[in-house]
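Colleague: I'm new to this one, and I'd like a close look at a single part of it. Could you take me through the core and what packs around it?

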Amino acid sequence: LFGDFDSKFQVVTNASIEEFMVGVSEVDVILPLVDQSNFHHFKGYQNGKKLTSSVMWAFGFHKKMVLYRPLAELFGVDGKGKDNDGMYYVY
């Protein structure tokens, strides 16, 4: 699906705003760290009441995403429509 991904994961910490924006603009896919372990948790994403900025960054920079299905549904990402073409979600 995403080609040779073993060499394409990068964790960046303490980036400046400018470094962060440049980095996001250069990525191929965004993987929000939201799944069943924290989406439904009261101190996590509270069933979507607390949103994740990584999805908003992906929309802003027109990036592909790998999303937990309930999170994808919350943002209306189905991978089929014209506006969501090329976006993917998982389980």
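**Into the core**

Modeller: Let's start with how the chain folds back on itself: of the contacts between residues at least 6 apart in sequence, 47% join residues at least 24 apart. Keep in mind that this is a predicted model. The chain's mean pLDDT is 76, and 75% of its residues reach 70 or more. Confidence is highest in helix α1 (residues 17-26), at a mean of 88, and lowest in β3, at 59. Where pLDDT is low, the predicted coordinates shouldn't be read in detail.

Now the layout. The chain has three helices and three strands, and from the N terminus they run α-β-α-β-α-β. Buried residues make up 26% of the 91 residues. The chain exposes about 6800 Å², with carbon and sulfur atoms supplying 54% of that area.

On to the core itself. The largest nonpolar core has 14 residues, and the members touching the most others are F39, V55, M65, L67, L71 and V77. Three elements, α2 (53-60), β2 and α3, each give two or more residues to this core. The largest share comes from β2, with three residues. As a general point, nonpolar side chains in soluble globular proteins tend to be buried together.

So what does β2 look like? This strand covers residues 64-68, and four of its five residues are buried. Strand β2 also has a partner: β1 (residues 29-30) pairs with β2 in the parallel sense, over two bridges. If you want a spot to find on screen, look for I30, which stands opposite M65 in β2. M65 is also one of the core residues that touch the most other members.

Next, have a look at F75, which sits in the loop between α3 (69-74) and β3 (88-90). Is F75 buried or exposed? Its relative accessible area is 18%, and because the cut-off for buried is under 20%, F75 counts as buried. Leaving out residues up to four places away in sequence, F75 touches L51, T52, V55, M56 and F59. Take L51 from that list: F75 and L51 are 24 residues apart along the chain, and their C-alpha atoms are separated by 9.4 Å. Another contact of F75, V55, is among the core residues with the most contacts to other members.

A second loop residue is worth a visit: Y45, between β1 and α2. Setting aside neighbours within four places in sequence, Y45 is in contact with L33, V34, N38, F39, K50, L51 and T52. L51 and T52 are on the contact list of F75 too. Y45 and V34 are eleven residues apart in sequence, with 8.0 Å between their C-alpha atoms.

Finally, the aromatic rings. The structure holds four aromatic pairs. One of them joins F20 and W57 edge-to-face, at 4.9 Å centre to centre with 80° between the planes. That pair links distant parts of the chain, since F20 is in helix α1 and W57 is in helix α2, 37 residues apart. Ring pairs also bring in F61, so that F20, W57 and F61 form a cluster. How covered are F20 and W57? F20 has 38% relative accessibility and counts as partly exposed, and W57, at 26%, is partly exposed too. Since buried means under 20%, neither F20 nor W57 qualifies as buried.

Definitions and conventions
Residues numbered from 1 in each chain as written. Heavy atoms only, no water. Buried < 20%, exposed > 50% of the residue type's maximum accessible area, 1.4 Å probe, protein only. Pairing = 2+ DSSP bridges. Contact = heavy atoms within 4.5 Å. pLDDT = per-residue confidence, 0-100. Core = buried A, V, L, I, M, F, W, Y, C linked by side-chain atoms within 4.5 Å. Phe/Tyr/Trp six-rings, centres within 6.5 Å; stacked < 30°, edge-to-face > 60°. Areas by Shrake-Rupley, 256 points an atom, 1.4 Å probe, with all protein chains shown as cover.
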